[in-house]
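Work through the exercises below with the sequence and the model in view. Try each task before you read its solution.

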Amino acid sequence: MSILRLDRVTKKYKDHVAVDEVSFEVEQGSIFGMLGPNGAGKTTTIRIITTIIGPDSGQVYFQGEALNKTHPSRMGYLPEERGLYKKMKVGAHLIYLAQLKGLSVADATRKCKEMLARFEALDWWNKKVEELSKGMQQKIQFIATIVHDPVLLILDEPFTGLDPINSIMIQDEIFRLRDKGVTIIFSTHRMEQVEEMCENIILINQGKNILEGNVKEIRNKFKEHLYKVEYGGTLPQQFANGMELIRKEDHTATFRIINHGSPNELLQYLINSGCQIYAFKEILPSINEIFIRQVKGISHE
Amino acid sequence: MNNKMWIVAKREYLTRVQRKSFILVTLLTPIGIALFSVLVGFIMNEGSKSDQRVLIHDDTGIIRQMAENDKDFPYEFSSKDLKVLIEEYRQMGYDLLVHVPALKDSAATYLSASYYGEEKPSLMLLESIESHLGDQIQTYRMRKSNIDQSLLDSFWADINLENGAMDPNNISESAASGKLNIILGTALGGLMGFLMYLVIFIYGSMVMRSVMEEKLSRIVEVMVSSVRPINLMLGKLIGVGGVGLTQLAFWAILIPTLLTIVYAFLPGVDSAQLSNVGNVTQVDEQSLDAFSAQQIIQAIFNLKWWLILPVFILFFLGGYFIYSSMFAAMGSAIGEDMGEGQQLMIPIVIIVMIAFYMLFPVLTNPNGNLAIFASLFPLFSPIIMPARLAFDPPWWQIILSIVLMLSTVWFFIWLTSRIYRVGILMYGKKATIREMIKWLRYSE
């Protein structure tokens with residue numbers, strides 16, 4: 001079941017089209033990656049979903065209903081550019097943001113304390129925001145985003161400024177929320193995290209949706225039939241039709257199989273020619289490579 | 001929804017009111033005004049009193065004779081030879097030596113005298129010496145002609161336009177529209193207009209500053225995901241406006257209390273100095289001298305406070321919302337630098353300054369065409385109408401002015417919130433007025 005569906009959403013500004021007929025669906029309980037270079041229209045798309053701005057045309061459906069102003073209270077949005085009131089105390093600040101999400105003061109206080117305890121930060125309660133490091137402030141912002149138990153979480157570059165330990169802490173929390181059924185839209189430039197965390201992605205460039213789908217399927221779709229072989233002994237000088245040696249260094253070779261050749265044939269050929277095979281693996285393109293290739297409009301095929 | 005606006009307003013109000021700087025300004029301003037008024041009074045009194053010692057060599061013989069009976073005569077005499085005195089007056093401890101030659105004939109009305117001094121004396125000192133000396137001769141001549149001072153005083157005629165009836169059928173109203181009331185009305189009107197002008201700048205720029213800070217620190221990005229921009233803006237306006245009302249309420253109580261205490265306990269400071277402090281009120285102390293303190297207090301109580309105060313607060317809020325909503329919109333339009341706010345403020349500052357300078361002609365002619373126009377035109381009325389209130393403007397003008405002002409508040413909040421909601425999320429260059437007009441048309 002999809003929790004969010006965009007149908008040909010368009011937003012124009014005075015001299016450019018920020019979002020151009022973008023359509024996609026996000027499955028309930030999944031982690032959905034939204035990728036694109038700077039200025040591609042990701043932030044505008046997110047602002048439309050969170051009703052901060054309205055689309056010029058197109059429709060957005062949230063939990064099956066046409067998007068309206070009551071829906072954002074069920075969403076949590078961590079913007080890429082984010083700040084806190086420097087002079088406020090952490091506890092008071094969290095309660096304030098939670099109240100604005102519709103929690104009562106009592107509920108907000110209880111939830112905020114719970115959250116801070118889980119993030120090992122309860123002793124910050126009476127500290128002023130300006131006394132915290134940037135990473136600590138990020139954590140506070142993350143807590144503020146999830147404190148009202150949203151069903152849809154939109155995280156724009158949630159890991160910037162976090163050290164590896166805190167990154168893992170936030171990442172685990174994202175997985176924990178996903179397992180509880182929360183849907184997460186995840187916007188980032190860090191592709192290795194997209195591969196690691198997202199099931200589905202959309203790639204936006206210049207306001208247009210240029211690629212969309214399951215991460216594994218996309219990598220398969222863009223594969224170049226490359227195989228990596230670790231071997232002992234020497235490689236044969238010549239190869240059968242359909243096998244092409246791309247690279248060879250220190251007993252690791254990369255082959256491309258073309259014209260309907262199969263990996264089994266390659267493996268058989270190598271074994272027959274007297275090589276010792278230690279490892280044999282298909283190389284799928286990383287999302288990063290696909291991203292760069294798509295954005296630049298360059299394809300090897 | 002509106003609930004969120006109040007949550008924002010509450011935070012805006014509480015964080016400001018709890019700040020040390022707010023408490024200090026609220027308490028120290030009245031103390032500062034009290035000290036300032038004492039200081040100004042002291043300077044006015046003491047500064048004009050000359051500490052120069054003056055010695056008089058009197059050849060008429062009349063002045064010295066008469067001065068012996070005048071306790072207030074401030075100078076001393078010496079009958080030593082003039083040439084000796086010219087050599088010695090400084091050793092004797094005097095700063096100025098005045099030589100009055102003998103009268104050519106007993107009826108002379110003009111006498112040329114001379115003075116000797118190390119430094120040039122001030123004009124005030126010279127005039128003071130001239131009048132003191134002249135007074136003695138005048139008194140002498142009056143006594144010689146058997147004219148008594150009380151007889152002379154009985155010739156005096158003092159006409160005072162104390163009672164005015166604006167309504168010929170209602171004479172009882174006359175006491176309330178007499179001259180004293182007009183003096184007080186002018187003072188109060190000037191004070192209220194000036195206060196409005198200050199308030200618009202103090203709290204308007206407070207709103208602008210806070211909008212700019214929230215934009216530059218990207219707090220708005222977090223805020224707008226849970227609060228609609230118009231509620232964020234309104235919450236801020238209400239919160240800061242509340243701070244303004246709180247501060248004014250404290251001042252309204254503390255300033256008169258402190259001034260009363262100061263004048264009651266400090267000797268030699270009299271109430272006429274109040275007008276030195278509030279020169280903006282255009283009331284000079286001479287016009288108040290004609291009335292006793294009791295009359296003044298009575299007249300102050302007789303003012304229609306039940307009307308003036310609520311209407312003043314209404315105009316305070318109206319003016320505050322009109323101008324601070326403009327300040328908020330301008331604050332949202334800056335680029336990456338707080339300093340750009342100054343430039344964007346200029347158009348607003350010009351409008352407020354025009355209104356402020358209209359205050360003076362309006363107080364001179366509080367029911368003239370300019371006064372009527374300015375107190376109805378919504379960008380000026382918050383400053384001008386409170387100034388006219390003490391002059392009993394017609395009811396229809398007050399009501400029309402309020403209606404026009406409230407509609408303008410409504411319109412400006414609609415207009416500025418449309419600029420604000422776009423501005424707070426735009427980064428890069430400072431927006432121009434033309435761009436802001438384009439923002440008005442963006443779909444919500």
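The exercises go from the numbering to two sheets, one loop residue, and then the domains and the contact between chains.

**Before you start**

Residues are numbered from 1 along each chain as its sequence is written, and chains are lettered from A, ligands numbered from 1, in the order in which they are written. The model is predicted: local features need pLDDT of at least 70, side-chain atom pairs count only at pLDDT 80 or more, and totals for chains, interfaces and linings use all residues.

**Exercise 1. Describe chain A as a whole.**

Step 1. Count the elements. Chain A has nine helices and 14 strands. Helices (H or I, at least four residues) and strands (E, at least two) are DSSP runs, numbered from the N terminus.

Step 2. Take the extent. The C-alpha trace of chain A spans about 75 × 45 × 35 Å along its principal axes.

Step 3. Look at burial. Of the 301 residues in chain A, 34% are buried. A residue is buried if 20 or more other C-beta atoms lie within 10 Å of its own, exposed if 12 or fewer, and partly exposed in between, with C-beta atoms placed from the backbone.

Step 4. Look at the contacts. Among contacts in chain A with a separation of 6 or more, 67% are between residues 24 or more positions apart. Two residues are in contact if their C-beta atoms, placed from the backbone, lie within 7 Å.

**Exercise 2. Trace the four-stranded open sheet of chain A across its order.**

Step 1. Write down the order. The open sheet in chain A has the strand order 2-1-4-5, and the pairing is antiparallel. Two strands pair if DSSP finds at least two bridges between them.

Step 2. Find the edges. Strand 2 (17-27) and strand 5 (65-66) of chain A each have a single partner strand, so one side of each lacks a neighbour in the sheet.

Step 3. Go from strand 2 to strand 1 of chain A. These two strands run antiparallel and are joined by seven bridges; A:Val9 is opposite A:Val22 in strand 2 of chain A. A hairpin of four residues links strand 1 of chain A to strand 2 of chain A.

Step 4. Go on to strand 4 of chain A. Five bridges pair strand 1 of chain A with strand 4 of chain A in the antiparallel sense. A:Leu4 has A:Phe62 in strand 4 of chain A as its bridge partner.

Step 5. End at strand 5 of chain A. Strand 4 (residues 57-62) of chain A pairs with strand 5 of chain A over two bridges, in the antiparallel sense. A:Phe62 has A:Glu65 in strand 5 of chain A as its bridge partner.

**Exercise 3. Is A:Asn68 buried or exposed?**

Step 1. Place the residue. A:Asn68 lies in the loop between strand 5 and strand 6 (75-78) of chain A.

Step 2. Apply the cut-off. A:Asn68 is exposed because it has 10 other C-beta atoms within 10 Å.

Step 3. Set sequence against space. From A:Asn68 to A:Glu244 there are 176 residues in sequence and 56 Å in space, C-alpha to C-alpha.

**Exercise 4. Describe the sheet of chain B, with attention to strand 1.**

Step 1. Write down the order. Four strands of chain B form an open sheet in the order 2-1-3-4, with mixed pairing. Strand 2 (76-77) and strand 4 (114-117) of chain B are at the edges, each with a single partner strand.

Step 2. Sort the pairs by direction. Strand 1 of chain B runs parallel to strand 3 of chain B, with five bridges, and parallel to strand 2 of chain B, with two bridges. Strand 3 (residues 96-100) and strand 4 of chain B are antiparallel over four bridges.

Step 3. Check burial. Five of the five residues in strand 1 (residues 54-58) of chain B are buried. In a regular strand the side chains alternate between the two faces of the sheet. In strand 1 of chain B, B:Val54, B:Ile56 and B:Asp58 are buried on one side, and B:Leu55 and B:His57 on the other.

**Exercise 5. Which domains does chain B have, and how many residues does each chain give to the contact?**

Step 1. The domain assignment, which is automatic or from a database, gives domain 1 (54-149) and domain 2 (176-439) of chain B. Their C-alpha centres lie 55 Å apart.

Step 2. The contact takes 15 residues from chain B and 18 residues from chain A. Helix 1 (2-17) and helix 8 (219-223) of chain B are the elements that give two or more residues to the chain B side.
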